[in-house]
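Here's a small set of exercises to work through with the structure open beside you. Try each task yourself before reading its solution.

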Amino acid sequence: MSDLQDLSDAQIQEQYAPTEEEAAQGITAEDKYNEALAEAEQAVTDAETTLAEAAEPQEAFDTLTGGRELSVDAMNELHDLLGLPDPEEVDDTTADAGSDVETEEVADG
């Protein structure tokens, strides 16, 4: 969605130029762009709802991705859209949390 929001007017005109049929119906590049932006915003809202309703984070993730493994770029975009920290930061936090765990030594009987 951030890619859509960062488009200039010229890019919108180029990427969302209406077909001859659409132009005859009065549909403009701006109309098509606004529709794409609204669809992207709805997808983010749906994803946020899915996350809020899921009992477990992994369940929410699997639902959002359809069980597919995401590329690094896709994972970063998902985190960005949902306002989450970068995945690398989450991994570092998880790794750091695990290093603080103390282990008990068991004495030989």
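Below are four exercises, each with a step-by-step solution.

Before you start, know that this is a predicted model, where local features need pLDDT of at least 70, side-chain atom pairs count only at pLDDT 80 or more, and totals for chains, interfaces and linings use all residues. Residues are numbered from 1 along each chain as its sequence is written, and side-chain values use heavy atoms, with hydrogens and water left out.

**Exercise 1.** Work out how many helices and strands the protein chain has.

*Step 1.* Helices (H or I, at least four residues) and strands (E, at least two) are DSSP runs, numbered from the N terminus.
*Step 2.* Go along the protein chain and you get 7 helices and 0 strands.
*Step 3.* Written from the N terminus on, that's α-α-α-α-α-α-α.

**Exercise 2.** Find the residues of the largest nonpolar core, and say which helix gives the largest share.

*Step 1.* Buried means under 20% relative accessible area, exposed over 50%, and partly exposed in between (1.4 Å probe, protein chains only).
*Step 2.* A nonpolar core is a set of buried Ala, Val, Leu, Ile, Met, Phe, Trp, Tyr and Cys residues joined through side-chain atoms within 4.5 Å.
*Step 3.* The largest one has 9 residues: Leu4, Leu7, Ile12, Tyr16, Ala29, Tyr33, Ala36, Leu37 and Ala40.
*Step 4.* H4 brings the largest share of this core, 5 residues.
*Step 5.* For the whole protein chain, 17% of the 109 residues count as buried.

**Exercise 3.** Track down the salt bridge, and say which helices hold Lys32 and Glu22.

*Step 1.* The rule asks for a side-chain nitrogen of Lys or Arg within 4 Å of a carboxyl oxygen of Asp or Glu.
*Step 2.* By that rule, the count is 1 salt bridge.
*Step 3.* Its partners are the side chains of Lys32 and Glu22, at 2.9 Å from N to O.
*Step 4.* Lys32 sits in helix H4 and Glu22 in helix H3 (residues 20–24), so the pair ties together parts that are 10 residues apart in sequence.
*Step 5.* Now check the cover: Lys32 is partly exposed at 22% relative accessibility, and Glu22 is partly exposed with a relative accessible area of 22%.

**Exercise 4.** Place Gln13, then say how far it is from Ala29 in sequence and in space.

*Step 1.* Look for Gln13 in helix H2 (residues 9–15).
*Step 2.* Gln13 counts as partly exposed, at 45% relative accessibility.
*Step 3.* Gln13 and Ala29 are 16 residues apart in sequence, and 5.4 Å apart in space from C-alpha to C-alpha.
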